[in-house]
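Okay, everyone, thanks for coming. Have the structure open while I talk, and stop me whenever something is unclear.

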Amino acid sequence: MLLVRFATRSSPAASVGVLDGDTVTTLDGVGSLGALWRLPLASLRSVVEGASGPAFPVAGVSLLPPVDDDTEVWACGVTYKVSEEARVEESERAASVYEQVYDAERPELFFKSVAWRVVGDGEPIAVRADSRLDVPEPEVAVVVTAHGEIAGYTVCNDVSSRTIEGENPLYLPQAKAYLGACAVGPGVRPAWEVPDPYALPVSMSITRDGADDWSGTASTSQLRRRFDELVSFLVRADVFPDGAVLSTGTCLVPAAPWTLRAGDVVRIEAGGVGALANPVVEGVEAMSWLVGARDDVRLRAAR
């Protein structure tokens, strides 16, 4: 099953439900995913497994990004060897910084997005107009409750500017956090349904002009750190009342000088977790619809 946010033609508000097979069953009394993440994991599981609200065929609803309320998206860097190598390659002045982070006790964590900026399956991601090299970064993300427990797993595309980050590590926020840089979805696989999160196949394919342009496969077995270790650093000196989504680092990086272009379509799949596909646009103007969709689920569902 997947925990999902969805909209129907008959309701202007987002609902929360359980997608199982071809049917979405509403979680009555649950107004948001953020409300679920406020619960202890045992209570959350009881609510989810007791879903008995109105049911809809999945073909008749619009799935929304599985991030709402004040849930934040954070991300980790340099947790796979390939990511370390890519950062060293792109960095002009501080390659050793990334080598030190890979082996250090403390992982790299950074803020990625507030909920309303997150796009979902089928919605566009963006490359910055002031960057020459831009890449998608396929990642398994963990959903963390307000109590610091791992509630589930989802797919994240941590879109990044290699140009900007490579100039100076202090430019990381500009390379990582902008309108159209974060896609998550299509839903959240409950943790109790993932027997071994360290054996998940991860694949990414990129279509350009109707043909496959880049593809690769990897596995979470290559992860340098454990998910619970990464979460422990996230919550060590902070609180997340509506939970958090923590993207755990990329295991696939297209080699320079390859770059994303407007018109590309990026598809990421994590076995047992889900598949996320997004077309690519360029510049903040192409993402202006997202500002309006922040307060209008109907606009989002119509896309």
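Let's start with alanine 141, whose bridge partner in strand E11 is threonine 154. Keep in mind that this is a predicted model. That pair belongs to a set of 7 bridges joining strand E10, residues 138-144, to E11, and the two strands run antiparallel. E10 and E11 make a hairpin with 5 residues between the strands. Glycine 148 in that hairpin takes a positive phi near 80 degrees.

Now look at E11 itself, residues 150-158. Is this strand mostly covered or uncovered? Mostly covered: 9 of its 9 residues are buried. E11 also pairs with strand E13, residues 182-190, through 6 bridges, again antiparallel. One pair to find there is valine 155 and its bridge partner in E13, glycine 185.

Stay on glycine 185 for a second. The peptide bond from glycine 185 to proline 186 is cis, with omega near 0 degrees. Proline 186 lies in strand E13. There is another cis bond to look at, from alanine 256 to proline 257, with omega near 10 degrees. Where is proline 257? Proline 257 sits in the loop between strand E16, residues 244-247, and E17.

That takes us to E17. In a regular strand, the side chains alternate between the two faces of the sheet. Here's how that looks in E17, residues 265-270: Val266, Ile268 and Ala270 are on the covered face, and Val265, Arg267 and Glu269 are on the uncovered one. E17 is joined to strand E14, residues 201-208, by 6 bridges, and the pair runs antiparallel. It is also joined to strand E18, residues 274-282, by 6 bridges, antiparallel too.

If you want one residue to follow across those strands, take glutamate 269. It stands opposite serine 203, and it also stands opposite alanine 275 in E18. E17 and E18 form a hairpin with 3 residues between them, and glycine 272 in the turn has a positive phi of about 80 degrees.

Glycines aside, which other residues have a positive phi? Valine 78 is one, with a phi of about 55 degrees although it is not a glycine. You'll find valine 78 in the loop between strand E6, residues 72-77, and helix H3, residues 81-90. Aspartate 209 is another, with phi near 55 degrees, and it lies in the loop between E14 and E15. So which of the two is buried? Valine 78 counts as buried because its relative accessible area is 1%, under the 20% cut-off. Aspartate 209 counts as exposed because its relative accessible area is 76%, over the 50% cut-off.

Next, the inside. The largest nonpolar core has 51 residues, and those with the most contacts inside it are Val142, Tyr153, Phe227, Leu246, Leu260, Val266 and Met287. Which element gives this core its largest share? That would be H7, with 4 residues. There is also a second, separate core of 23 residues, including Val16, Val18, Val30 and Cys182.

Click on leucine 260 from the largest core. Leaving aside neighbours within four places in sequence, leucine 260 is in contact with Val127, Asp134, Val135, Pro136, Val159, Ile206, Arg208, Val266 and Val280. Val266 should ring a bell, as a residue on the covered face of E17.

Now arginine 224, in the loop between strand E15, residues 211-219, and helix H7, residues 227-234. Arginine 224 is partly exposed, with a relative accessible area of 34%. Its C-alpha atom and that of lysine 81 are separated by 7.5 Å, and the two residues are 143 residues apart along the chain. Leaving aside neighbours within four places in sequence, arginine 224 is in contact with Thr79, Tyr102, Asp103 and Ala104.

Last stop, the largest pocket. Its volume is about 280 Å³. The lining has 19 residues, and Arg5, Val67, Asp68, Arg294 and Val297 lie nearest the centre. Which elements give two or more residues to that lining? Strand E2, residues 15-20, and helix H9, residues 297-301. How do the lining residues divide? Into 9 nonpolar, 3 polar and 7 charged.

That's my tour, so over to you.

Notes
Residues are numbered from 1 along each chain as its sequence is written. This is a predicted model: local features need pLDDT of at least 70, side-chain atom pairs count only at pLDDT 80 or more; totals for chains, interfaces and linings use all residues. Side-chain values use heavy atoms; hydrogens and water are left out. Buried means under 20% relative accessible area, exposed over 50%, partly exposed in between (1.4 Å probe, protein chains only). Two strands pair if DSSP finds at least two bridges between them. Contact means heavy atoms within 4.5 Å. A nonpolar core is a set of buried Ala, Val, Leu, Ile, Met, Phe, Trp, Tyr and Cys residues joined through side-chain atoms within 4.5 Å. On a 1 Å grid over the protein atoms alone, a cavity is a set of points where a 1.4 Å probe fits but cannot get out, and a pocket is an open set with protein on both sides within 12 Å along at least five of seven lines; lining residues have an atom within 4 Å of a point. Grid points are joined across faces, edges and corners, and a volume is the space filled by probe spheres set on the points. Ala, Val, Leu, Ile, Met, Phe, Trp, Tyr, Cys and Pro count as nonpolar, Asp, Glu, Lys and Arg as charged, and the others, Gly among them, as polar.
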